[in-house]
Amino acid sequence: MSSEQPLNTTQLAIHRTKFALERTIKASERTLMAWIRTSLSMISFGFSIDTFFRAYTKAQKGVEAEPLVGPAVLGFVLVGLGTLVLILGTVDHHLYLRKLGEELELLGKKGPWTYMFFVAVMVILIGLSIFTYLLYQSW
């Protein structure tokens, strides 16, 4: 026989609440990871488009060709939009976890700071640096 006492209804409720809260936090992190994936795709695709068409324009210098403004602008916009989308998704994630503030203490978490939040901040910094690079390359 088991020497453990069965849980009373209050202990069961606390136990279930902890698991429900953990599932909610994990769902929020999965959503943030989807934002990171989407924005990283947009940033890398925008950078690739811009880089490819800059190289293409350089290769066509001997031929009379107009500079390809459209693809360069598309690449620039994709990098900017990808970065902006991730900023908004990260802020939304952070505010959502702050709203769960008191409940987070049940799990022993000190605040709304998760590993995915820091990954998102790093990707934002990468996006901003690529955006700045493309901005200075176009001048």
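In this predicted model, helix H4 has a buried set of residues made up of Met116, Phe117, Ala120, Val123, Ile124, Gly127, Ile130 and Leu134. A reader meeting the structure for the first time may find this helix a convenient place to begin. H4 covers residues 115-137. At 1.5 Å a residue, its 23 residues should span 33 Å, and the end C-alpha atoms are indeed 33 Å apart, so expectation and model agree.

Leucine 125 also belongs to H4, but its relative accessible area of 48% makes this leucine partly exposed, because a residue has to be under 20% to count as buried and over 50% to count as exposed. Leucine 125 can also be placed relative to threonine 83: 42 residues separate the two in sequence, while their C-alpha atoms are 8.5 Å apart in space.

Attention now turns to helix H2, which runs over residues 69-99 and includes valine 77. With a relative accessible area of 45%, valine 77 is partly exposed. This valine helps to form a nonpolar patch on the surface, together with Val73, Leu81, Leu84 and Leu88, and the patch amounts to about 430 Å². The spacing of such residues is easier to follow with the geometry of a helix in mind: an α-helix has 3.6 residues a turn, so residues three or four places apart point the same way.

Charged side chains come next. Side chains of opposite charge can pair when their charged atoms come close. How many salt bridges does a search of the whole structure find? The search gives two.

One of these joins lysine 26 to glutamate 22, with an N to O distance of 3.8 Å. Both residues sit in helix H1, which spans residues 9-59, and they are four residues apart, or about one turn of the helix. Lysine 26 is partly exposed at 38% relative accessibility, and glutamate 22 is likewise partly exposed, at 24%.

The side chains of aspartate 50 and arginine 54 also form a salt bridge, here with an N to O distance of 2.7 Å. These two residues are again in helix H1, and because they are four residues apart, about one helical turn separates them. Is aspartate 50 buried or partly exposed? Its relative accessibility is 2%, so aspartate 50 counts as buried. Arginine 54, by contrast, is partly exposed, with a relative accessible area of 27%.

Methods: Residues are numbered from 1 along each chain as its sequence is written. This is a predicted model: local features need pLDDT of at least 70, side-chain atom pairs count only at pLDDT 80 or more; totals for chains, interfaces and linings use all residues. Side-chain values use heavy atoms; hydrogens and water are left out. Patches are made of residues with over 30% relative accessible area and no salt bridge: like charges are joined within 9 Å, nonpolar side chains (Val, Leu, Ile, Met, Phe, Trp, Tyr) within 5 Å. Accessible areas come from the Shrake-Rupley method with a 1.4 Å probe; for residues, only the protein chains shown count as cover. A salt bridge is a side-chain nitrogen of Lys or Arg within 4 Å of a carboxyl oxygen of Asp or Glu. Buried means under 20% relative accessible area, exposed over 50%, partly exposed in between (1.4 Å probe, protein chains only). The expected span of a helix is 1.5 Å times one less than its number of residues.
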